[in-house]
Amino acid sequence: MDNGDVVEAVDAPGAALVLIEAASSSADTGSDSGYSSGADFDAEPGSGAGFDPDARSDPLRDLAEECLADMAEAARDEARAAARKARAAATYADACRRLLPPSASLHDQSVAEMGMVAEVACVLTISEGTASAFLVQSRQLSTELPRTLTALQAGAISWQHARILCDETTGLGPAGAAALETHFLDPDAPNAARSCLAGDLTPSRFRARARTWRERHHPVSIETRHTKCVLDRRVEYTPDRDGMAWLSAYLPADQAAAIWEHTTTTARALQSPTEPRTLIQLRADTLATALLSGETTNGEKNRPTGGEERTRDDDAERTAGQVPPPRAQVLVTVPVFSLLGLTDEPATLDGHGPIPASMARNLVANGADSFHRVLTDPRDGAPLEIGRTSYRLTTAMRQWLRLRDAKCPFPGCNNHSLDNEADHLLAWADGGTTGISNLGQPCRKHHHLKHNTAWQPTPASKNQPPGWTSPTGRHYKSEHQDWEPPTWPDNSLTERLT
């Protein structure tokens, strides 16, 4: 190899990137070595350690930029390919149905459907169940969700986003499905999402946003749907490998949220420098301890043996089957008119999403020591104030951060607000103030990322969490609350109130 050529090989899983660059000539540097001694390629830009701003760009940084651009374009190509495949599947299914004679019996139609699903499964090398779901989703995109299919074809959203739109628009009807599409896909629509559009959110975060919108705009009220679904509450046990098992519960949202908050708070309190268990392990141990040594729903204490007489605590006596009121710290956001019983608009439970107004009113009335009430403005849905029993500013600010951010503000992170700690965006030592606009609540992982890498948060505001800027200079917006104007009561009642 000539002295003027430098070969750099960068290994990656399943691939090797090879960069061949001509270094500065020996005539320019007065040296026979491959790299010029006029610039230190190990120094950080702006560090002053031999960095020459007039020198040509670092070839490795250029390579990194090209790789990021290639990945972004590859993601758009995958979306376009998914749209092409969905169109082909929908057209194929339509052609197969048209091949059947008009007089075909139900049996013949069922057999033809089975054969069509089997053919798609074999062509795509997937299971027949997956193929059947894919055909249903493809038909939805082609006939009911044209805006979604167009966005997929343009590479603006991924196939995962398209599947979520198919799931969350089911049961909404044509008008509701079109409204949900417009809300998340059209930035110029009058009712466009105030936070991030679908393509700017990870699939898991987009599902949470779409589900919230669906709950608020479903043609059947959330009160009616909750009354029906609460009858299906249950606990399930599933054996697993290595002497382990899964225990899951399907519960009303307020109970499930309070259990999660309580186990997290208890687990946090158990952490110490000498505690070897992780937070995840402590949560599991806390739940197991509470279930195996706690109370039953009729107020009786669990006993280690069945032969001993049970004792009853008169102060804790409850009606048989009644679940005790939650005692964890949970924020519940309630529209003013809904709290007054003038409307049945859903409230919002921190970490979950919309809940029935009746559930929210019960939490505010009976769980005042554990649920912090947040009233929203009747004009635009923005928060008005946080109900609290303490005037300590730090407590109020921490609750406001939970309300504003709801989770770690790093894009795509689902770490819930209770697990995170407040952090100054501009450090106190550098002149930063302790105000909401200078505070964030990153999880420990992204807190570490901020202080140990070139990733940096951008300024925040009272109602919007900070975004992030990567070492390559790319800016990523943070997800923030998508407040909606609340439902007003009828005109006669409004006139009396004003």
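User: Two strands count as paired if DSSP finds at least two bridges between them. In this predicted model, which residue in β4 does Thr238 stand opposite?

Analyst: The model is predicted, and in it β3 covers residues 234-239 while β4 covers residues 245-250. The two strands run antiparallel and are joined by six bridges, which meets the requirement of at least two because pairing is defined that way. Across from Thr238, in β4, stands Trp246.

User: Which residue in the hairpin of β3 and β4 takes a positive phi?

Analyst: Between the two strands of this hairpin there are five residues. A positive phi near 60 degrees occurs in the hairpin at Asp242.

User: How many residues of strand β3 are buried?

Analyst: Buried means under 20% relative accessible area. Strand β3 has six residues and is hardly covered. Its count of buried residues is zero.

User: Is Glu223 buried or exposed?

Analyst: Glu223 lies in helix α9, residues 222-229. Leaving out residues up to four places away in sequence, Glu223 touches Pro356, Ala357 and Ser358. The cut-off for buried is under 20% relative accessible area. Because its relative accessibility is 17%, Glu223 counts as buried.

User: How are α3 and α4 oriented to each other?

Analyst: Two packed helices are described by the angle between their axes and the distance between the axes. For α3 (residues 106-124) and α4 (residues 128-143), the axes come within 8 Å and cross at roughly 105 degrees. Angles of 65 to 115 degrees count as roughly perpendicular. The orientation of α3 and α4 is therefore roughly perpendicular.

User: How many nonpolar residues does the contact of α3 with α4 have?

Analyst: On the α3 side the residues are Met116, Val117, Ala118, Val120, Ala121 and Leu124. They meet Glu128, Ala131, Ser132, Phe134 and Leu135 in α4. By class, one residue is polar and one is charged, and the number of nonpolar residues is nine.

User: What share of the residues in the chain is buried?

Analyst: The chain is built with 16 helices and 14 strands. Of its contacts with a separation of 6 or more, 53% are between residues 24 or more positions apart. Among the 498 residues, the buried share is 36%.

User: Over which residues, with 56 contacts beyond four places in sequence, does pLDDT stay under 50?

Analyst: The chain has a mean pLDDT of 74, with 68% of its residues at 70 or more. Residues 302-322 are below 50, and that stretch has 29 contacts in the model beyond near neighbours in sequence. The stretch under 50 with 56 contacts beyond four places in sequence is residues 1-55.

Notes: Residues are numbered from 1 along each chain as its sequence is written. This is a predicted model: local features need pLDDT of at least 70, side-chain atom pairs count only at pLDDT 80 or more; totals for chains, interfaces and linings use all residues. Side-chain values use heavy atoms; hydrogens and water are left out. Buried means under 20% relative accessible area, exposed over 50%, partly exposed in between (1.4 Å probe, protein chains only). Helices (H or I, at least four residues) and strands (E, at least two) are DSSP runs, numbered from the N terminus. pLDDT is the predictor's confidence in each residue, from 0 to 100. Contact means heavy atoms within 4.5 Å. Axes are lines fitted to C-alpha atoms, for helices over the stretch in contact, and angles run from 0 to 180 degrees between N-to-C directions. Angles under 35 degrees count as roughly parallel, over 145 as roughly antiparallel, 65 to 115 as roughly perpendicular and the rest as oblique. Ala, Val, Leu, Ile, Met, Phe, Trp, Tyr, Cys and Pro count as nonpolar, Asp, Glu, Lys and Arg as charged, and the others, Gly among them, as polar.
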